[in-house]
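Here is a small set of exercises to work through with the viewer open. Try each task yourself before reading its solution.

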Amino acid sequence: MTFQLNGKTLELDLFDIDVAEKMEKAILDSAHKMMHLDEVPKQTLFTMMRKGCNIVFEFFDNVWGEGTAKELFDNKMNYKICLETYACCTKQYKKYMTEDMPEEMKQFVSEMEE
């Protein structure tokens, strides 16, 4: 699958079981961390923004390999761009899993849900 993210193209073979598992785990881990981002009392807005960017960077490095996030974000931390890129990635992944996957996979998934 080809992901278009922040003006760059990243490839991911979601038929590779290890890759698919890594992607799913990274999505769940990052979502959990984002939900609990504000639990540390008395942190500044900028501290929360940095932590949020670090979670997104960790997500991309976990899925595509170490250094991917720095390359994807041109070695900069911009909270808005990090969140937008992460959301774009998960949206593309969800679209692929629900609409774009090959028919034989859709059939398998629907049989598993019955």
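A salt bridge here is a side-chain nitrogen of Lys or Arg within 4 Å of a carboxyl oxygen of Asp or Glu. This is a predicted model, in which local features need pLDDT of at least 70 and side-chain atom pairs count only at pLDDT 80 or more, while totals for chains, interfaces and linings use all residues. Residues are numbered from 1 along each chain as its sequence is written, and side-chain values use heavy atoms, with hydrogens and water left out.

**Exercise 1. Salt bridges**

Find how many salt bridges the rule gives, and place three of them in the fold.

Step 1. The count comes to 4 salt bridges.

Step 2. Start with Asp29 and Lys25, whose side chains meet at 2.7 Å, N to O. Both belong to helix α1 and are 4 residues apart, so about one helical turn separates them. Helices are DSSP runs of H or I with at least four residues, strands are runs of E with at least two, and both are numbered from the N terminus. Asp29 has a relative accessible area of 33%, so Asp29 is partly exposed. For these labels, buried means under 20% relative accessible area, exposed over 50%, and partly exposed in between, using a 1.4 Å probe and protein chains only.

Step 3. Next, look at Glu58 and Lys33, a salt bridge at 2.3 Å, N to O. Because Glu58 sits in helix α2 and Lys33 in helix α1, this pair ties together parts that are 25 residues apart in sequence. Glu58 is partly exposed at 35%, and Lys33 is partly exposed at 34%.

Step 4. Finish with Lys80 and Glu84, bridged at 3.9 Å, N to O. These two lie in helix α4, 4 residues apart, about one turn of the helix. Lys80 is exposed with 58% relative accessible area, whereas Glu84 is partly exposed at 45%.

**Exercise 2. Cysteines**

Work out why Cys53 and Cys82 are not joined by a disulfide.

Step 1. Recall the chemistry: a disulfide is a covalent bond between the sulfur atoms of two cysteines. The rule used here asks for a pair of cysteine sulfur atoms within 2.5 Å.

Step 2. The cysteine sulfur closest to that of Cys53 is in Cys82, at 3.3 Å, which is too far for a bond. Cys53 is buried, with a relative accessible area of 2%.

Step 3. Check Cys89 in the same spirit: the closest cysteine sulfur to its own is in Cys88, 7.5 Å away and too far for a bond. Cys89 is buried at 0% relative accessibility.

Step 4. The count by this rule is 0 disulfides.

**Exercise 3. The core and Trp64**

Identify which residues have the most contacts inside the largest nonpolar core, and which elements supply it.

Step 1. A nonpolar core is a set of buried Ala, Val, Leu, Ile, Met, Phe, Trp, Tyr and Cys residues joined through side-chain atoms within 4.5 Å. The largest one has 25 residues, and Phe3, Met23, Phe59, Phe60 and Trp64 have the most contacts inside it.

Step 2. At least two residues of this core come from each of β1 (2-5), α1 (17-35), α2 (45-64), α3 (68-72) and α4 (79-100). The largest share, 7 residues, is supplied by α2.

Step 3. Now select Trp64 and list its contacts, meaning heavy atoms within 4.5 Å. Beyond its neighbours within four places in sequence, Trp64 is in contact with Phe3, Leu5, Leu10, Glu11, Leu12, Met23, Phe59 and Cys89.

**Exercise 4. Aromatic pairs around Phe60**

Describe how the ring of Phe60 is arranged against those of Trp64 and Phe73.

Step 1. Rings of Phe, Tyr and Trp (its six-membered ring) pair if their centres lie within 6.5 Å; planes under 30 degrees apart count as stacked, over 60 as edge-to-face and the rest as tilted. The whole structure holds 6 aromatic pairs.

Step 2. Phe60 and Trp64 are stacked, at 5.8 Å centre to centre with 25 degrees between the planes. They are 4 residues apart in helix α2, about one helical turn.

Step 3. Phe60 and Phe73 have ring centres 5.9 Å apart and planes at 70 degrees, so this pair is edge-to-face. The pair links distant parts of the chain, with Phe60 in helix α2 and Phe73 in the loop between α3 and α4, 13 residues apart. Both Phe60 and Phe73 are buried.

Step 4. Widen the view: Phe3, Phe57, Phe59, Phe60, Trp64, Phe73 and Tyr86 form one aromatic cluster.
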